[in-house]
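Grab a coffee and open the viewer. Here are a few short exercises, each with a worked solution.

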Amino acid sequence: MIETHIHTPSCKIQAIEDGHEVGLLEFEIHENILTITHTYAYQKGRGIGKMLMSAAITYAREQHYKILPVCSFARVILQRNEAYKDLWIDEEQTT
């Protein structure tokens, strides 16, 4: 079973399976914006990236953050789901 762990001081979310990291999402936080910079799934086709994004989205909602998806995978996930429209901002909105 894969679990996600949020590490706010180091700005990352890890996907862990049997004690080993199988995926990683890196982010930055500035004011009320969570910027997703990278999403890594070490094994394709297992839904690890989506699990990491789900954890990031849940965290953003809990903290009342907007999400700036610099990472192309994060951008696609947010664009394809209407339920995330309220979270997603683009770089033009941050200036």
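Two strands pair if DSSP finds at least two bridges between them. Keep in mind that you're looking at a predicted model.

**Exercise 1.** Work out which residue stands opposite Lys12 in strand 3, and how many bridges back up that pairing.

*Solution.* Start with the strands: strand 2 covers residues 12-17 and strand 3 covers residues 20-30. They run antiparallel, joined by 6 bridges. Now look across from Lys12, and you land on Glu26. Finally, check the link: the two strands make a hairpin with 2 residues between them, and Asp18 in the turn has a positive phi of about 50°.

**Exercise 2.** Carry on from Glu26 and find what stands opposite it in strand 4.

*Solution.* Strand 4 takes in residues 33-41 and pairs with strand 3 over 8 bridges, in the antiparallel sense. Across from Glu26 sits His38. This hairpin also has 2 residues between its strands, and here Glu31 takes a positive phi near 55°.

**Exercise 3.** Decide how helix 1 and helix 2 are oriented to each other, then list who meets whom.

*Solution.* First, the geometry: the axes of helix 1 (residues 48-63) and helix 2 (residues 72-80) come within 11 Å and cross at roughly 70°. Angles of 65 to 115 degrees count as roughly perpendicular, so that's the label for helix 1 and helix 2. Next, the contacts: Gly49, Lys50, Met53 and Ile57 from helix 1 meet Phe73, Ala74, Ile77 and Leu78 from helix 2. Sorted by class, this contact has 6 nonpolar, 1 polar and 1 charged residues.

Key
Residues numbered from 1 in each chain as written. Predicted model: local features only at pLDDT ≥ 70, side-chain atom pairs only at ≥ 80, totals over all residues. Heavy atoms only, no water. Axes fitted to C-alpha atoms, helices over the stretch in contact; angles between N-to-C directions. Helix = DSSP H or I, 4+ residues; strand = E, 2+ residues; numbered from the N terminus. Parallel < 35°, antiparallel > 145°, perpendicular 65-115°, else oblique. Contact = heavy atoms within 4.5 Å. Nonpolar A, V, L, I, M, F, W, Y, C, P; charged D, E, K, R; others polar.
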